[in-house]
Amino acid sequence: MTWSHVDNASWPTSGLSYGADYNPEQWDKDVWKDDVRLMTQAGVNIVSLGIFSWGLIEVADGEFDWDWMDEIVDLLADNGIAIDLATPTAAPPSWLLASHPEIRPVDHDMQQHWPGARLGWCPSSPVFRTYALRVVRALADRYGHRDHVVMWHVSNELGGGNGRCYCDTSAAAFRDWLERRYGTLDALNKAWGTAFWGHTYRDFAHIVPPRGNDAKNPSLVLDFDRFSSDELLAHYLAEREVLKNVTPELPVTTNFMVGAEPDVVDYPRWARHMDIVANDHYTRSPDPLPEQDIAFSGDRMRAMTTQRRPWMLMEHSTSAVNWQPRNRAKTPGELIRNSLSHVGHGSDGVLFFQWRASRAGAEQFHSAMVPHVGEDTDVHRDVRKLGRYLQRLAPVMGSRTPQARVGILFDDEAGWAMAKGVKPNNHLAYGRIVRDWHCAFWRLNESIEVLLPWSDFTGYEVLVVPGLFLSDDETAARVRTFAEAGGTVVVSFFSGIVDEHNQVRLGGYPGAFRELLGAWCEEFRPLQEGETFTLDNGWSGAEWAELVRVGDAEVIARYSGGHLGGHPAITSRPVGAAGRAVYVSAALDSDALLALARSLVSPSEAANVPSGVEVLVRRSDEETFTFFVNHGGHDVVVRAQGLEMLTDVSVSGGLQIPAGEVRVVRSGT
Ligand code: GLA
């Protein structure tokens, strides 16, 4: 795979990036002056401009009005604020939707989207593509060579609204995609197992996307997911090509939505087309551990860059979002703690949605860097404080997180395959399973990376394969090689069940890892709601158990009581000289997972910090930056040596971390 990430020399800002989506079009011009005054005061050095401005730039078909944008581009330049200029294609103008209603996407139940939201376009529509590329070209020609336009932000959260389109245009494109993928109908029929229900296809023209609500062939559904991701990627690449033609030197990115669930598109497979990998991350409520959600997304982001290069936090919120049933306001200190956690996890920037809270429109009650009340607010005071902190943290730029000890495998295709179609327990959620394992090691303050099937596995002590429902032979072989080289592999229940075509691997689950594990599952024994199980070592759990048979593995724990009583639950098999392969057949609760995780890694110093303190490390050739994030409600003291960067105090021995705050210690390597 080739990667094209920019190096730090071409990072768009000279210090850590600090800013927001900026939507000046929502405000009168006298507000713009106040905006730049407040931005300068807060240390904002970059804004994402023009994301939803298509209807205001191209006011009628082919008729452009640049006046307002010229003015704001000049104003930002005059005030030394860099622009991450967005192509405005996320929100087509009303005239385009009116003149070409066919571009609107269609849901699986064949309901066409109405105008009025955003991303209301079919990714396969040639009509939309033509209009989109025209406005992109016009924008690039007009502003691409301005000095302070430092980066391109393609569209916005591609797939957030148009992730799957089932219209006839999409259906035709899907058939073309299938012909390219399989070559012949025979190959497709075999891969999809279409003899089931006699669905064998006799002509590519007979294939339709998985429309409707009834049970569909899971192999078809998975390929439609892959196709949909590829179609949106093709759109991104088409815009990118236009931009690169005009400004080959400017980095191009688009904002991902990487969290704990399988993504709407396959970001890991998109990432190599980004010059800088950028993410939008929002904590959700209720979530007992939003800080672990932040850690999880950061640990995923690093695997999408080359060699743990910095990535960019393109959006998060200063306080409440507006799209949840109950929108929780952040607690005092949380804005700064969240932001610096992202930096500790490898982001070289902190950007928010958005600069100024909107008066009108669908996001009226979303928090912002400038709240409705104005600058005399706790949120805005924290925004200014964060700006000062980020300036002090400038030396962190370009440093990388060191090699982690724990790798956790994550794959969107596996997640899609698990999420769609009927399963033995339809309450199992891929993201939940992976996040539970991540949480166990996170609670130990372990360094973790959430790896991709094709990541380099060397250097990790432990490789966890949680709920990797779909696994191809190559991934299975790479996992085996890791154990043979002396690593500890941990495979959880419901991994390696199907191959890349979503067909079950026979002979005992998990087929992809059975030989490596020396144990197999003969029958799934999902639990009913409210049921629990216990093991003979006292651990317990719910939702999932299995009837396990053992070959040459040893039994670590057995089910206790019930119809599985006495049967193996957790097994371990030595591999090569020093490796081992552990199988966990049951969905353990968090305390059991914590105990298991503790038994799998060698002791580390980070595990000895006071509880509630997260330790994150970034390193350059000469220096180490240690972030201590106190998520707890009490002041604590940690052992540290060096210069504390936020308070500019030198530390030798004990460093106090006030409740809810962060400290960053700079020291030699
Ligand atoms: C996303 C979008 C933004 C905004 C925020 C609100 O991240 O990219 O435009 O809608 O959500 O949380």
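Analyst: Contact means that heavy atoms lie within 4.5 Å. This is a predicted model, in which local features need pLDDT of at least 70, side-chain atom pairs count only at pLDDT 80 or more, and totals for chains, interfaces and linings use all residues. Residues are numbered from 1 along each chain as its sequence is written, and side-chain values use heavy atoms, with hydrogens and water left out.

User: Which residues of helix 1 and helix 12 meet?

Analyst: Leu-38, Gln-41 and Ala-42 of helix 1 meet His-380, Val-383, Arg-384 and Gly-387 of helix 12.

User: Why is helix 1 called oblique to helix 12?

Analyst: The axes of helix 1 (residues 29-42) and helix 12 (residues 378-392) are 8 Å apart, at an angle of about 50°. Angles under 35 degrees count as roughly parallel, over 145 as roughly antiparallel, 65 to 115 as roughly perpendicular, and the rest as oblique. Helix 1 is therefore oblique to helix 12.

User: What makes the approach of Asn-156 to the ligand a polar contact?

Analyst: A polar contact is a pair of N or O atoms within 3.5 Å; within protein, one must be able to donate a hydrogen and the other to accept it, and residues adjacent in sequence count only if both atoms are side-chain atoms. An N or O atom in the Asn-156 side chain is 2.8 Å from an oxygen atom of the ligand, so the pair meets the 3.5 Å limit.

User: How far is the side chain of Glu-363 from an oxygen atom of the ligand?

Analyst: An N or O atom in the Glu-363 side chain is 2.3 Å from a ligand oxygen atom.

Conventions. Axes are lines fitted to C-alpha atoms, for helices over the stretch in contact, and angles run from 0 to 180 degrees between N-to-C directions. Helices (H or I, at least four residues) and strands (E, at least two) are DSSP runs, numbered from the N terminus.
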